[in-house]
Amino acid sequence: MNGTATQNAPSSYIVTSHFLVGGTAWLLAMILLLFNPDTLTQHFFNPKLLSLTHLLVLSWVTTIILGALYQLLPVILLCKLYSEKLAIASFILLQLGSIGIFLCFWNAVFNYPLIISGILVCLSIALFCFNLCMTIRKSTVKRIEKTFILSSIVWLALTVSIGLLLAINFSFPFLQISHLEILKLHAHFGIVGWFIQLIIGISSVLLPMFFLAHNLKKKPLHLSFYLLNAALVLGALSKIFHLEIGIPISLLLGITSIGAYLYFIFIAYQKRLKRKLDVGMKKSVLSLAFLLIPLGLSIPIFFNHRTETHFLAIAYFITLLIGVISSLIMGQTFKTLPFIIWLKTYKSFIGKEKTPLPKDLYSHPLVRWQNGIHFSGFALLLFGISFHTIILITVGLSLLVLAALLYYKNIIAIIFHKRITHGNTYSK
Amino acid sequence: MKINSHTKISTLIKHNKGAIDAIASLNVHFNKLKNPILRAVLAPRVTIADASRIGKCAIADFFNKLKEIGFEIDPEENYTSSANQSKDEVQTAESLEKFLDNRSCESLDVRQMITDNDDPFNLIMSKAKKLETNQAIEIINSFEPIPLIRILQYKGFACRMIQEGEIYRTYIKKGTSEISDSTEDSILCTKEEFDSFQQNFQGKIKTIDVRGLEMPLPMVTILQELEDLQSDNALFVQHKKIPQYLLPELTARGCKTVIYVIEEGNVQLLIHK
């Protein structure tokens, strides 16, 4: 018989600060992209695209993922975050570094300011990794999801370290391997090792929870974990040691891994007790289905890697970043953020008086519009990139900006929600 | 299997039956483990740290014996952590007078029962429940009944233990706020412990199942039910997980929670005020 901690929940400001900055960065990046649509039709190694990509992956995706992670850790690991102060320090360093990298690339400054910004990001991630490892040490639960989280932060640390090496290599060339080849590793470690792996880890807890799907067999998740990491390691070794044969095997392992994960989610979806999905879950499920596009695109990119395939490479990354990861984040925001604000505002009134629910803290019609506009915008953008049509790209980006505005309006309404009584809520 | 001082004796035995003989060889007290009934009753309630205190042997001796039969000791284990745990429970004769404060004291020698392979737990609990404020019970035993003391304290009783050579005398009286402050707001327990807590509220338990509800309705439902719950009743909840965001609110509302994890996705809670 052991006492169990009762105060594992994080302070709400830790979570909300991440969502606020993340939402702002997303909106800003979409607006900047709209005014510079030609960045998407050039070779992917152009300063503005690099600049916006870093703003997106650091200040939007990584920031929101960290915020959501701080909220979910107690649920997944059954223990309290090791230090909230470290979380805040890591958050500030990450934003400073991200703004620095964004400005440097935008203005094509490739020397000391870029290196210093890279160091700030590395410091931020080091603090985060330390904080998370100390938290995981306290946790006694044994779950594959914990392994996913731990493994994904190893890839995050590798990604930012390689990023810093690349930044140094700009001013002081020392790398023996082609800068562009290392860039591919940097991008894949970040997107597949960090984002996709963490998304697999978190969503395999969250989605079945919201689906109300019980007693799922976790074998596909285990398979997915080993294959994904094997693919990344093999891919990296093949690039470093120029093993031609390693790349297709790595690609195959990666595709099988994602397939195993999608199979797990599909089974959860089929076994769900909650037949009618709400608007946030619909967006999440659809964005996961979009994972099939980059999986499909990766094959022609591989077979045509000696010919002109920049546009395919851009389409591949845009699909992963905007079609899958950003859509998933936008959908899941409405399943996580309202809860923490609702809890802070209403916890002492629950059961004693009629209180709204987390889903009453935001406007559902706005989310429905946001979903429709976001996916239409993404589809037009993808066509625009594939057929080199600036007009399609511009229309697509305009729609994405509009969707980002709707999203932003809703998260501001959630974060600055004031207590309402007598069931006076948004109409659904 | 990796073990530490908080590992339950039942877990060791479940993993390797050889643990029974290994532990019994440490000390005569532990011969009780060879009795299947006593084993079933005691082993899930006692950790290695508890057992080392009951049997008066070093945790290190335990670990050495268990290592011999293939258990692995958690390298981060801090042997000294449990050394002082029973300090508060072992009191001197002077403080006993103050503790009993002129209460009439009924004596209950359970040594024969234990020798006869009977578990005195239910007898003690039923006597404790009938205690008036001017009464106390003295339990005479041949070992320190740590699991009993914990359960009694959790249920709001006050306990003092005095050791005289081979004899352990445990005194039980109705609780005071001083004792209830020292107990935990929520505890994880075994099935046996959970059942005994449930027995305590027999006929006064409301049962709800929140496993099919979408977040945060389990929390809302539980808090609503608690508002309507009479103070001597308890709420039995079938849950999917240990509700991390609900526990702080239960503490804030002065509730106590007993948690029994059957398996992942299936948890039982007993909440009372």
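## A walk through chains A and B

In chain A, nine residues of helix α2, namely A:H54, A:V57, A:V61, A:T62, A:I65, A:L66, A:L69, A:L72 and A:I76, meet A:H186, A:W194, A:F195, A:L198, A:I202, A:V205 and A:L206 of helix α6. Sort these residues by class and the contact of α2(A) with α6(A) comes out with 13 nonpolar, 3 polar and no charged residues. Bear in mind that you're looking at a predicted model.

How do these two helices lie against each other? Helix α2 covers residues 47-77 of chain A and helix α6 covers residues 179-211; their axes come within 11 Å and cross at roughly 30°. Angles under 35 degrees count as roughly parallel, and α2(A) and α6(A) are therefore roughly parallel to each other. The crossing in which α2(A) passes α6(A) is left-handed.

Stay on α6(A) for a moment, since helix α9 (residues 279-289) of chain A packs against it too, at an angle of about 135° and with the axes 12 Å apart. That angle makes α6(A) oblique to α9(A). From α6(A), the residues A:L207, A:F210 and A:F211 make the contact, and from α9(A) it's A:M281, A:S284, A:V285 and A:L288. By class, that gives 6 nonpolar, 1 polar and no charged residues for the contact of α6(A) with α9(A). Here again, α6(A) passes α9(A) in a left-handed crossing.

Now step back and take in chain A as a whole. Its secondary structure comes to 13 helices and 1 strand, and if you start at the N terminus, the strand comes before the helices. Is the chain compact or not, for its length? The radius of gyration of chain A is 21 Å, close to the 22 Å that the globule rule gives for 428 residues, so the chain is as compact as a globular protein of that length. Along its principal axes, the C-alpha trace of chain A spans about 65 × 55 × 45 Å.

Over in chain B, let's turn to strands. Four of them form an open sheet in the order β3-β4-β6-β5, with mixed pairing. At the edges of this sheet stand β3 (104-109) and β5 (158-164) of chain B; each has a single partner strand, so one side of each is left without a neighbour in the sheet. From one strand to the next, the twist averages 20°. Helix α8 (residues 121-129) of chain B packs on the sheet, where it touches β3, β4 and β6 of chain B, and its direction makes about 170° with that of β3(B).

Zoom in on one pair in this sheet: strand β4 (residues 135-141) and strand β6 (residues 167-173) of chain B pair in the antiparallel sense over 6 bridges. You can find B:N141 standing opposite B:Y168 in β6(B). As a rule, side chains in a regular strand alternate between the two faces of the sheet.

Another place to look in chain B is strand β10 (residues 256-263). Parallel to β10 runs strand β7 (residues 186-188) of chain B, joined to it by 3 bridges, while strand β11 (residues 266-272) of chain B runs antiparallel to β10(B) and is joined to it by 7 bridges. Which residue in β10(B) is the bridge partner of B:S186? The partner is B:T257, and B:T257 in turn has B:I271 as its bridge partner in β11(B). Finally, β10(B) and β11(B) form a hairpin with 2 residues between the strands, where B:G265 takes a positive phi near 90°.

Methods. Residues numbered from 1 in each chain as written. Chains lettered and ligands numbered in written order. Predicted model: local features only at pLDDT ≥ 70, side-chain atom pairs only at ≥ 80, totals over all residues. Heavy atoms only, no water. Pairing = 2+ DSSP bridges. Helix = DSSP H or I, 4+ residues; strand = E, 2+ residues; numbered from the N terminus. Axes fitted to C-alpha atoms, helices over the stretch in contact; angles between N-to-C directions. Contact = heavy atoms within 4.5 Å. Parallel < 35°, antiparallel > 145°, perpendicular 65-115°, else oblique. Left-handed = near helix turned anticlockwise from the far one by under 90°. Nonpolar A, V, L, I, M, F, W, Y, C, P; charged D, E, K, R; others polar. Rg over C-alpha atoms; globule rule 2.2 N^0.38 Å.
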